[in-house]
Amino acid sequence: MSLSTQTLKSQLQALSSKSVSSVELVQEQITRAKALNADNNAFISFNADGAIEQAKQADQARADGSTQPLLGAPIAHKDLFCTQGQVTTCGSKILQNFVAPYNATVVENLTQAGAISIGKTNMDEFAMGSSNENSAFGAVKNPWDLDRVPGGSSGGSAAAVAAGMVAAATATDTGGSIRQPAAFTGTSGIKPTYGRCSRYGMIAYASSLDQAGPIAQTAEDLAIMLGAMASHDPKDSTSATEGTEDFTRDLGRSVEGLRIGLPRQFFTEQLDDAVASTTHQALAELEKRGAVLVDIDLANIDLSLPAYYVIAPAEASANLSRFDGVRFGYRCENPKDLNDLYERSRSEGFGEEVKRRILVGTYALSASFFDAYYVKAQQIRRLIKNDFVAAFEQVDLIAGPTTPTPAFKLGEKTDDPSDMYLQDVYTISANLAGIPGLSIPAGQVAGMPVGLQLLGNYFDEARMLGVAHQFQQITDWHSRRPEVSL
Amino acid sequence: MTLSTDQVRHVARLARLAVDDTDVPNIAQKLNGVMELLDTMQALDTQGIEPLTNPLDRTQILRPDEVTEVDQRAHLMANAPAQKDGLFLVPKVID
């Protein structure tokens with residue numbers, strides 16, 4: 001089996017034992033990724049020359065005795081992270097020619113750890129979407145079935161990992177954008193605690209919800225990646241002072257006696273029957289190893305969807321006001337005055353879903369409706385957080401499905417925004433509360449992957465990754481890969 | 001709450017988005033589908049609940065008010081759609 005389709009850990013071992021050079025591995029990865037991209041469109045741009053140059057330096061550094069944890073390993077960045085000197089589009093026409101003047105802190109941290117980015121992955125425009133069909137650069141196709149969506153908004157990163165174009169990729173999650181695509185593509189993904197990774201240089205969608213995290217094949221790879229990505233950053237005013245830690249420390253820990261809460265509100269008629277039984281089978285595996293399953297209530301969780309779709313668009317409408325055609329980004333032709341410049345640059349530059357969320361957010365923040373929508377949503381956000389805080393007094397972890405169904409067909413939900421929003425029904429509460437959440441492959445339904453979601457207490461990522469790793473020691477869903485033709 | 005086509009035009013103006021008159025009914029219809037979802041919040045009494053703005057209930061981190069960044073002007077201006085003498089150009093606003 002080619003090294004390019006193996007886990008990050010295997011690649012790092014091969015690099016460190018010098019059985020392969022970084023130049024060889026990076027070259028092999030780029031060749032494979034470019035060939036597969038014609039079918040799945042997971043990448044918006046490649047950084048071939050730059051990556052090879054960095055790989056040469058990594059090989060030299062290794063010869064000189066460097067022990068950086070990710071030295072010479074090829075990865076990819078979601079095209080939402082600013083990468084200095086490279087086009088950073090955020091999946092939008094309005095930024096199609098934007099060359100980032102600096103690196104995001106997450107990018108900088110991974111570079112310092114020795115990782116090499118081979119390119120930027122596709123995404124829903126401004127991270128708004130659950131199918132990757134909202135990209136100005138074309139939809140991403142799910143490598144398991146090219147007629148199906150890979151999920152979104154980090155659909156490019158998830159598809160790239162699933163197809164073995166890269167072993168690990170950065171992603172972001174505002175309402176499920178790491179976990180839902182991970183579930184749809186049979187990959188593993190973690191959204192850390194709010195503030196764990198710096199938002200500096202991440203193009204903002206909803207600042208009180210946005211959080212960076214990795215997508216990879218295994219929980220162990222996630223732990224390696226997250227250790228390099230996380231940091232306390234004075235450049236992000238909501239960065240958590242906890243910073244990074246050794247997220248691999250609990251990988252070997254047994255699940256004996258672990259108390260796992262199953263929210264009754266996650267297992268209702270909304271959940272596809274086959275996904276429900278897959279989820280229960282996965283949980284039974286943990287139970288066999290000594291975990292204790294406990295039914296719990298998250299009484300206000302049903303209101304997380306409407307609360308999210310007020311708060312996120314409200315913050316987005318403010319964040320996206322910076323795109324005005326003056327300082328950077330797309331500018332319309334022949335504006336007749338300043339207002340025409342603003343209005344047409346924005347209308348021509350933004351896609352339909354982005355404009356819809358700006359309108360919803362502007363409406364929710366307007367003086368007459370501020371209390372009825374924005375304040376109300378923030379009050380519900382408090383209640384949802386309180387539900388989780390109370391639950392974690394009884395249980396160590398919460399588990400359930402990541403998504404109500406497996407990946408749906410391209411075009412299936414594009415006409416009805418509210419139907420698309422229901423995709424996020426199990427994931428968004430973690431963003432509202434700020435707790436960490438992850439998704440790992442738990443089984444398949446009709447040949448398509450299904451994800452198991454674990455939600456943890458604040459800053460408890462290491463424990464969650466340990467449980468996920470233990471699950472991956474007793475099942476092999478994470479090592480099943482789609483058949484792709486080169 | 002349902003948005004009328006006039007309200008859609010008003011909100012679009014506030015958001016600095018140009019909308020075609022022919023598109024307004026369709027935009028209104030899809031927005032109202034979303035509003036129907038949002039209005040399910042109104043069923044819950046939240047009187048007296050403190051709104052949550054930061055999920056960790058932390059305040060923003062402050063730093064000493066000192067200049068720490070180097071001059072990035074050339075870098076930043078490189079992305080400007082129109083510029084002259086290091087200044088951003090916009091259509092004339094004062095006659």
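Guide: A charge sits over a ring if NZ of Lys or CZ of Arg is within 6 Å of the ring centre and within 35 degrees of the ring normal. The model here is predicted.

Visitor: Which ring does the charged end of A:Arg480 sit over?

Guide: That of A:Trp477, 4.1 Å from the ring centre. Look also at A:Lys93, which lies over the face of A:Tyr330, at 5.0 Å from the ring centre.

Visitor: How many aromatic pairs does the structure hold?

Guide: There are 16 over all chains. Take A:Phe98 and A:Phe328. Their ring centres are 5.6 Å apart and their planes stand at 50 degrees, so this pair is tilted. Planes over 60 degrees apart would count as edge-to-face.

Visitor: Where in the chain are the two partners, A:Phe98 and A:Phe328?

Guide: In distant parts, 230 residues apart. A:Phe98 is in the loop between strand E2 and helix H4 of chain A. A:Phe328 is in the loop between helix H9 and helix H10.

Visitor: Is A:Phe98 buried or exposed?

Guide: Buried, with a relative accessible area of 11%. The cut-off for buried is under 20%. A:Phe98 also belongs to an aromatic cluster with A:Phe126, A:Phe323, A:Phe328 and A:Phe350.

Visitor: What kind of aromatic pair do A:Tyr308 and A:Tyr309 form?

Guide: An edge-to-face one, 4.8 Å centre to centre, with 80 degrees between the planes. Both A:Tyr308 and A:Tyr309 are buried.

Visitor: Why is helix H7 of chain A largely enclosed by the rest of the structure?

Guide: Count its buried residues. They make up 9 of the 11 in residues 219-229, so the helix is largely enclosed. Among them are A:Glu220, A:Asp221 and A:Leu222.

Conventions. Residues numbered from 1 in each chain as written. Chains lettered and ligands numbered in written order. Predicted model: local features only at pLDDT ≥ 70, side-chain atom pairs only at ≥ 80, totals over all residues. Heavy atoms only, no water. Buried < 20%, exposed > 50% of the residue type's maximum accessible area, 1.4 Å probe, protein only. Helix = DSSP H or I, 4+ residues; strand = E, 2+ residues; numbered from the N terminus. Phe/Tyr/Trp six-rings, centres within 6.5 Å; stacked < 30°, edge-to-face > 60°.
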